[in-house]
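User: Please take a close look at the largest pocket in this model. I would like one connected account of its lining and of the parts around it.

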Amino acid sequence: MNDVLLHSCCAPCSAAIIEWMLNNDVRPVIFYCNPNIYPKEEYLIRKNEITRYATGLGLEIIDDDYNHESWLRYVCSGVASQGEDASLQPERGLRCMECFKWRLLRSAQKCRELGLSVFTTTLASSRWKSLTQITAAGEWAASQVEGVTFDARNWRKGGLQERRNELLKENGFYNQLYCGCEFSHSS
């Protein structure tokens, strides 16, 4: 069985991907790295849901540190370096790209630390996110960490979106209504 690091944003977006991986002889190590989620209570709800699902399948889940302040500084400075204000960015704008870069760089680093060579993300399952941005951020992150590659798979295809909705109901997952950051929560 091939091991891969799966960056997970939440249980609803992860379940069908995890199921597909297990059915295709891939055993994911789940990495919950989401310092973008605000407030912390929301972070904990989402973390508990993916932890419940992963442990029920006997999968390893690793929780990255919740460091919202560092994430916020990184994203805001990245957007500011391009002459923009993070709070004025629309969904799929520069702010999202900087967020993806932060989280996928942490994923690439964890992948290397664990001795794995491939990582991917459940972000690529969301119809609300730009696949172009996610792919660019993942490839950038992989270029920053020697010995790892990013699997830029489109997790929306092959019936996975429909299966996601089925698993959401079957497992009674908490289903959030915003991406997680305070910027998307207030818009």
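Analyst: A lining residue is one with an atom within 4 Å of a pocket point, and helices are DSSP runs of at least four residues, numbered from the N terminus. The model is predicted.

Start with the space itself. The largest pocket holds about 590 Å³. Its lining counts 30 residues. Closest to the centre are Ser126, Trp128, Gln176, Tyr178 and Cys179. Three elements give two or more residues each to this lining: α4 (94–113), α6 (160–171) and α7 (182–185). Of the elements, α4 gives the most, with five residues. By class, the lining splits into 15 nonpolar, eight polar and seven charged residues.

Now α6, one of the contributors to the lining. This helix has 12 residues. From first C-alpha to last, α6 reaches 16 Å, close to the 16 Å expected at 1.5 Å a residue. Leu160, Arg164, Leu167 and Leu168 are buried in α6. These four lie on the same side of α6 because they cover an arc of only 110 degrees around the axis. On the other side of α6, Lys169 and Glu170 are exposed.

Next, the packing. Both α4 and α6 also give two or more residues to the largest nonpolar core. The other elements that do so are β1 (2–7), α1 (11–23), β2 (26–32), α2 (40–56) and α5 (131–144). This core has 48 residues. Ile18, Met21, Phe119 and Val148 touch the most other members. Another core lies apart from it. That one has eight residues, among them Trp71, Val75, Cys99 and Cys181.

Two single residues complete the picture. The first is Val145, in the loop between α5 and β5 (149–150). Its relative accessible area is 11%, so Val145 is buried, the cut-off being under 20%. Val145 and Ser117 are 28 residues apart along the chain, and their C-alpha atoms are separated by 10 Å.

The second is Arg73, found in helix α3 (residues 68–80). Arg73 has a relative accessible area of 55%. The cut-off for exposed is over 50%, so Arg73 counts as exposed. Arg73 and Val29 are 44 residues apart in sequence, and 28 Å apart in space from C-alpha to C-alpha.

Terms used
Residues are numbered from 1 along each chain as its sequence is written. This is a predicted model: local features need pLDDT of at least 70, side-chain atom pairs count only at pLDDT 80 or more; totals for chains, interfaces and linings use all residues. Side-chain values use heavy atoms; hydrogens and water are left out. On a 1 Å grid over the protein atoms alone, a cavity is a set of points where a 1.4 Å probe fits but cannot get out, and a pocket is an open set with protein on both sides within 12 Å along at least five of seven lines; lining residues have an atom within 4 Å of a point. Grid points are joined across faces, edges and corners, and a volume is the space filled by probe spheres set on the points. Ala, Val, Leu, Ile, Met, Phe, Trp, Tyr, Cys and Pro count as nonpolar, Asp, Glu, Lys and Arg as charged, and the others, Gly among them, as polar. A nonpolar core is a set of buried Ala, Val, Leu, Ile, Met, Phe, Trp, Tyr and Cys residues joined through side-chain atoms within 4.5 Å. Buried means under 20% relative accessible area, exposed over 50%, partly exposed in between (1.4 Å probe, protein chains only). The expected span of a helix is 1.5 Å times one less than its number of residues. The arc is that of the directions from the helix axis to the C-beta atoms.
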